[in-house]
Amino acid sequence: MNKAMENRRKHQIPTLDLAKPVPAGPDVYSNDFLSLTNDQDLRQMFLEKLHKSPRVFGVAGSRLLGGNSSDHLDFETRMTRFFESPAALLLNSGYDANVAFWHSVPQQGDVIVLDELVHASSRDGMAISRASKSLYLFSHNSPASFEECVARALKEHPSISQGKNTLFVAVEATYSMDGDFAPLPDIVRITEQYVPRESAHIMVDEAHSTGVFGPQGRGLVHVLGLQNRIHTVLHTFGKGRALTGAVILTSPLIRQYVINYGRPFIYTTALPISLICGLNASFDYSEGPVGDFRRAELRRLCEYFRGAMEEALKNVPPTLLSLRDRTLPAGYPTDVISPITPIMTSYPMQLSDYLNSLGYAVQGIPYPVVPRGEERIRISVHAMNTEGELDALVVRVKQWATMMQTMASQVEARRVQSRL
């Protein structure tokens with residue numbers, strides 16, 4: 001273990017601990033996209049629900065061992081109605097949900113076609129699934145690569161076309177590192193074109209889009225009108241919902257199968273009643289006019305921040321600072337904009353250290369955590385950020401760039417002088 005930790009330091013991989021509290025500066029780093037975690041009206045709504053609930057603590061067992069309360073079942077019923085899904089299963093986290101689904105549902109002879117950047121929780125579940133030897137990775141967000149992988153999987157596994165096995169597809173609606181979007185319309189179109197209906201199963205992880213997009217925050221699958229053509233959708237509650245937990249929206253058969261075979265579900269104590277109260281309060285709050293206002297304000301502020309950063313970086317070398325292209329996939333409405341903005345830089349740790357010193361708890365993401373040329377810091381805009389907060393962040397980033405350019409000029413001047 002010491003050698004592993006020393007190796008991280010040697011290669012300048014961030015070595016994290018929990019010794020320091022989060023700096024007190026503006027929140028431009030967390031996943032609290034709708035600014036709900038400190039909302040006083042939501043807090044009051046939550047406390048009122050707690051006060052009315054006859055039980056508030058834990059249920060002292062897994063859902064299969066004495067912990068299956070009416071509160072859990074009623075919330076699952078609410079999720080089926082809200083998301084217009086045949087069935088819903090509540091789990092303790094997005095990680096648990098992805099592992100439970102991917103380790104248990106794919107069967108021997110099935111294959112999984114996955115985006116190369118799907119979340120570690122999905123990959124961990126797939127690694128211990130019956131289909132672990134039949135994974136086909138396609139280039140990130142590339143419909144052409146996806147089509148090639150599907151064609152190759154069908155050729156190498158003829159039992160899928162014969163209706164004897166299933167081709168699973170794994171994508172995320174919004175990817176957390178770049179804030180970009182899966183080409184869901186193309187994914188669905190290609191799957192339906194090549195794979196027999198009874199042999200196809202598309203699973204979409206909406207962890208970073210739930211609450212943020214769609215009518216009352218139903219997510220991108222609803223924005224695109226694909227809820228009847230995608231088989232399973234995962235929504236988590238730790239980001240746009242201000243709490244924790246997750247729900248798998250799927251068929252009654254798969255719900256029952258995960259209940260009986262999904263180990264993270266079977267062997268985990270059920271969520272406490274207090275958290276169910278919180279989830280109901282969060283959904284009540286974000287389904288109403290406050291939620292609509294926050295989503296609209298988040299879109300506006302994302303556009304504002306993007307424009308301000310682009311203007312500030314006009315004369316900055318792209319190797320020092322740059323923004324990623326924001327082209328939307330085919331079929332997306334033009335008003336969809338991600339709250340996640342990666343700021344690309346060859347000096348991620350220097351930039352993050354500078355911003356940390358000013359109270360911004362941003363994290364540098366260097367090589368080899370990401371490939372060379374992909375180093376960055378990650379900024380998340382929130383609905384209740386102010387334009388002043390975002391302007392100040394842009395100024396700080398620009399100041400750092402100016403400082404780095406000045407230092408580089410001084411080093412070059414000394415180098416020239418030494419040759420004279």
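This report describes the nonpolar cores, aromatic pairs and cysteines of a predicted model.

**Nonpolar cores**

The largest nonpolar core holds 108 residues, and the members that touch the most others within it are Met79, Val113, Leu167, Val171, Leu184, Leu321 and Leu355. Leu184 can serve as an example of how such a residue is surrounded: once its neighbours within four places in sequence are set aside, Leu184 is in contact with Val171, Ala173, Val204, Val221, Leu224, Leu226 and Tyr332. Val171 thus appears both among the residues that touch the most other core members and among the contacts of Leu184. Apart from the largest core lies another one, made of five residues, including Leu50, Val59, Ala270 and Cys277. As general background, nonpolar side chains in soluble globular proteins tend to be buried together.

**Aromatic pairs and the phenylalanine cluster**

The structure holds 13 aromatic pairs, and ring pairs link Phe75, Phe82, Phe83, Phe237 and Phe283 into a cluster. Two of the pairs that involve Phe83 are set out below.

| Pair | Centre to centre | Angle between planes | Arrangement |
|---|---|---|---|
| Phe82 and Phe83 | 4.8 Å | 85 degrees | edge-to-face |
| Phe83 and Phe283 | 6.4 Å | 85 degrees | edge-to-face |

The pair of Phe83 and Phe283 counts as edge-to-face because its planes stand at 85 degrees, where the class requires over 60 degrees. This pair links distant parts of the chain, since Phe83 lies in the loop between helix 3 (70-82) and strand 1 (87-91), whereas Phe283 belongs to helix 12 (residues 273-287), 200 residues apart.

Are these three rings buried or exposed? Phe82 has a relative accessible area of 5% and is buried, Phe83 is buried with a relative accessible area of 2%, and Phe283, at 0% relative accessibility, counts as buried as well; the cut-off behind that word is a relative accessible area under 20%.

Two arginines accompany rings of the cluster. Arg218 lies over the face of Phe82, at 4.1 Å from the ring centre, while the charged end of Arg241 sits over the ring of Phe283, 4.1 Å from the centre of that ring.

**Cysteines**

How many disulfides does a search of the whole structure find? The search finds zero. Among the cysteines, Cys277, which is also a member of the five-residue core, counts as buried at 8% relative accessibility, and Cys302 is likewise buried, with a relative accessible area of 4%.

How values were computed:
Residues are numbered from 1 along each chain as its sequence is written. This is a predicted model: local features need pLDDT of at least 70, side-chain atom pairs count only at pLDDT 80 or more; totals for chains, interfaces and linings use all residues. Side-chain values use heavy atoms; hydrogens and water are left out. A nonpolar core is a set of buried Ala, Val, Leu, Ile, Met, Phe, Trp, Tyr and Cys residues joined through side-chain atoms within 4.5 Å. Buried means under 20% relative accessible area, exposed over 50%, partly exposed in between (1.4 Å probe, protein chains only). Contact means heavy atoms within 4.5 Å. Rings of Phe, Tyr and Trp (its six-membered ring) pair if their centres lie within 6.5 Å; planes under 30 degrees apart count as stacked, over 60 as edge-to-face and the rest as tilted. Helices (H or I, at least four residues) and strands (E, at least two) are DSSP runs, numbered from the N terminus. A charge sits over a ring if NZ of Lys or CZ of Arg is within 6 Å of the ring centre and within 35 degrees of the ring normal. A disulfide is a pair of cysteine sulfur atoms within 2.5 Å.
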